[in-house]
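Got the viewer open? Let's take a walk through this one together, starting with the whole chain and ending with a few odd backbone spots.

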Amino acid sequence: MQTAVKIEEYLQEVEESLGNEFQRKALDTFAVAYRTGRANAFAGMDVKGLVDEIAQAKDEGIRRMDELYAQFKQKAESMGVHVHLAKTAHEANEIIARIAKENDCKKVIKAKSMTAEETHLNQHLEGEGLKIVESDLGEWIIQMRGEGPSHMVMPAIHLSRYQVADLFAGVTKKEQDPDIQKLVKVARRELRKEYVEADMGISGSNFAVVETGTIGLVTNEGNARLATTLPRVHVALVGLEKLTPTLHDALRILRALPRNATGQQITSYVTWITGPNECTGAPDNKKVMHVVFMDNGRKALAQDKDFSQILRCIRCGACANVCPVYRLVGGHKYGHVYIGAIGLIMTYFFHGRDKAKFLVQNCVNCGACKEICAAGIDLPRLIKEIHARIQDEDGHPTQSKMMGMVLKNRTLFHTLLKNMRWAQKPFAERGGEYIRHLPTIFMKEKDQDFRKLPTIAKKAFRDEWKSIKPTVTNPKLRVALFSGCVQDFVYPEQMKAAVKVIASTGSVALDYPMKQSCCGLPVNMMGEKQAAKEVARQNVLALDPADYDYIMTMCASCASHLKHAYPKLLENETDLAPKVAQFADKVIDFSSLIHDVLQLSSMKFTRSGKRVGYHAPCHLCRGLEVREAPREAINMAHDYVPTSEEEVCCGFGGTYSMKFPAISKTLLAKKLANLEAGEITAVATDCPGCVMQIRGGMKAAGKEIEVKHVAELLAERLR
Amino acid sequence: MSQEHIELFTKKAEAVSAIIKPIGSMDEAYAYAVDVCLNKDACQLLLSGCENAISDEASELCVAKAADKVIAAPKLADDQYAELAKAADKAGVKLIADGLRSHLAGIDIGFAVADLGLAETGSLVLDSSSEDLRLSTMVSEINVVVLPLSKLRATSYEAEAELLPMMQKSPNYLAFITGASRTADIERVLAIGVHGPLELHILLLEDA
Ligand code: SF4
Ligand code: SF4
């Protein structure tokens, strides 16, 4: 649960979580095991095709929400099921309390339901004098601890067997052996008696199948079967988005849900309940069955062009499984009730801006969640959207507002950048490559000392362009260079290296349009959407796509922002539409250009024999789905050595690393350790931000491993 | 049903620690169930929790557990039930067809015949509209289920045309069962038998 009122409190809590070694280790082991488990579970299946189908079918259901509800209601009522529609969470709780009262129920056995967590149903019913026992083992454990889930599928993943044993000792009034198999058996016996005594069973529902009026439940433990069988009353609390027109729709989701959640082919039990079934515990041998559908903003969301897609979520929890930040801080600090990437977004809609405002800032924008999502939800973009919305509602912080204003004016921005070199001078180390002290107006220095930050270069790339522009008489290809701010003003040598490599073909006409500016990602990350839009517009006008075959950028973050975010940011600028589409289509990264398009071969290079590791920038491997080209490019001149977790974020994330230094530092430390373990002498990557982070980390740690852009490592071995 | 599907079913079901045995006739199934029931306690692994440090209230339910060895076989066809009863009787095992609510502490064996099998995931499909069948497949310590091979389907999609008519009857309670009841809620360590059966035995009946 997210309770911090000030960002400082949230940061403090996050740091405490980083110190929770048990949780850190548990989540680490899971993150690694999950990858293999999931891959095995999906082996031989067309995962992308399945995700697309799910997304489409879900969208269709979301569009027809009202109609599907009416049909389900009619069908289910014709079978004797009571169907309700609750407008709000509170109303849902009240309906359920009323059902309990009308049926004279005193004791409730509950099967895990995230929807019931959303409404805080237990607290409400307890307030009405009912006794509620959770029957899912993990939920029971956290219920007794008075906590919320820390993962949507594995609610108690943050706890150790010792903690569970202590808890059980309290319940049983007997000493407990911290042996997991024994503890599970203790729970089996303790909970069995609870089923026997309960007169009401409450479940959620994974599907509400309209064509048959069926409720579908997916569980491993079998608790939902007992909870829906033994008590005389059954209430299912169901979000309206769970309505699916056909059984086929449900079976389709079932193909993805367990596989994506935990790498299981299917859960132990899948239960389909149609109508009030036989119940010998009820007076007339028939279950009293209620289905409570809940709106709580879902109907409005369904109408929202941008956010309706979050209703596709099938609650597999995978977006937490792969999130590098979740892995470090755990679910209690990465969601309120709903956890992980989708949790950050849902918190805003279901639990409010105050609970969501720090959470949405704590996303490093690595894209891992989007890639894994079973429903194809564009999670990182929506997280940023919420961030921007909250700022629009709550007011923009001065820093980000200023940044937005400056960026909108290119000349002012560039003058400021150049002047920074002089401003930095007193703070620079001898040799001038790194900043010795950070001017404290920017941030707390001690928080940032886990990496050395570079100084602004003597001469920006734009100021050197004229003198280095290669002359090509019969060009086969016209390529525009987009440098991004970091390579323009901090690492111009990376740009120059790329020019050298590309020029070696003698067949490419290169151009560097001077009116280009920052791609706008930094302000987008800060929630300054308006500024991001304006900069995007300026860049599309500065680089007329009709003049070029490709727009090459060596910054993975710029590339994915230009390619994927521009069309979204500029969707309402109809005058630019064709240009924007063309622009986005022509964006390419350095490695793909030289390897796939220009097809340079190893003949062009003298091999170094150097062992070179690779860090895959988030925005290249997931953002542009470029995976082979850079590795093969390195291999043309050096020995590429694979290392562990190459595709896990280095922790940079632009301004993220300034705001959440403790997390950035921990992610970087892992990255460095994985690279070092490969016994390499150099690291290649294709994003200046990653170079800044990893090189700065190596330097601060006193390591000898050099960190360079792929282009530099190739340029230095050109024949 | 093709050999390929049988192999796939076996592989997938065994992967979730189901025990698979091909049989040639229902008689073999009855003998098997009785045999498992008799030998059950010999296997020390099968502890259903009463031996642990549980609360006094919970252990009352353990005491309530029948002293006899019990097999529950609700919803079996009459002739099948009669045959199973003969086999059970000979071995001194009690066979019941209903009244499972008075056995919530646990019974030894739940015996059932599956309506369908899904090869792709090693799953059994059981129309569990009978409350007794629902309970016998949950409160039994060992679940023995016969799957006639003529009912094996490749995937859930392929079974859809047969699943739908079952779900269209009202009321209906349909179950896909894959392996035994399991949890990984404590430290992600797999533990079997958290609520339901501790073992699932599937008897593949050659009926083509
Ligand atoms: S983009 Fe990365 S950091 Fe952000 S929520 Fe998704 S996985 Fe987590
Ligand atoms: S957002 Fe996607 S990955 Fe996350 S829980 Fe929902 S379906 Fe799963």
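Start with the charges on chain A: there are 97 positive and 86 negative ones, and their mean positions sit 3 Å apart. Keep in mind that this is a predicted model.

Now zoom out to the overall shape. The C-alpha trace of chain A spans about 90 × 60 × 50 Å along its principal axes. How does its radius of gyration fit with a compact globule? For 719 residues you'd expect a value near 27 Å, and chain A has 28 Å, so the two agree. Inside that shape you can look for 36 helices and 18 strands. Of the 719 residues, 63% count as buried. The accessible surface adds up to about 26,500 Å², with 51% of that belonging to carbon and sulfur atoms. And if you take contacts between residues at least 6 apart in sequence, 78% of them join residues at least 24 apart.

Next, a couple of backbone details in chain A. Asn296(A) isn't a glycine, yet its phi is positive, near 45°. You'll find Asn296(A) in the loop between strand E10 (288–294) and helix H13 (298–303). Is Asn296(A) buried or exposed? Its relative accessible area is 16%, which is under the 20% cut-off, so Asn296(A) counts as buried.

Follow the chain past H13 and, in the loop before helix H14 (318–321), you reach Arg315(A). Arg315(A) also has a positive phi, about 60°, without being a glycine. With a relative accessible area of 9%, Arg315(A) is buried.

Finally, hop over to chain B. Pro171(B) lies in the loop between helix H6 (156–168) and strand E9 (172–177). The peptide bond leading from Ser170(B) to Pro171(B) is cis, with omega near -5°.

Methods:
Residues numbered from 1 in each chain as written. Chains lettered and ligands numbered in written order. Predicted model: local features only at pLDDT ≥ 70, side-chain atom pairs only at ≥ 80, totals over all residues. Heavy atoms only, no water. Helix = DSSP H or I, 4+ residues; strand = E, 2+ residues; numbered from the N terminus. Rg over C-alpha atoms; globule rule 2.2 N^0.38 Å. Buried < 20%, exposed > 50% of the residue type's maximum accessible area, 1.4 Å probe, protein only. Contact = heavy atoms within 4.5 Å. Areas by Shrake-Rupley, 256 points an atom, 1.4 Å probe, with all protein chains shown as cover. Lys, Arg positive; Asp, Glu negative; His and termini not counted. Charge placed at Lys NZ, Arg CZ, Asp CG, Glu CD.
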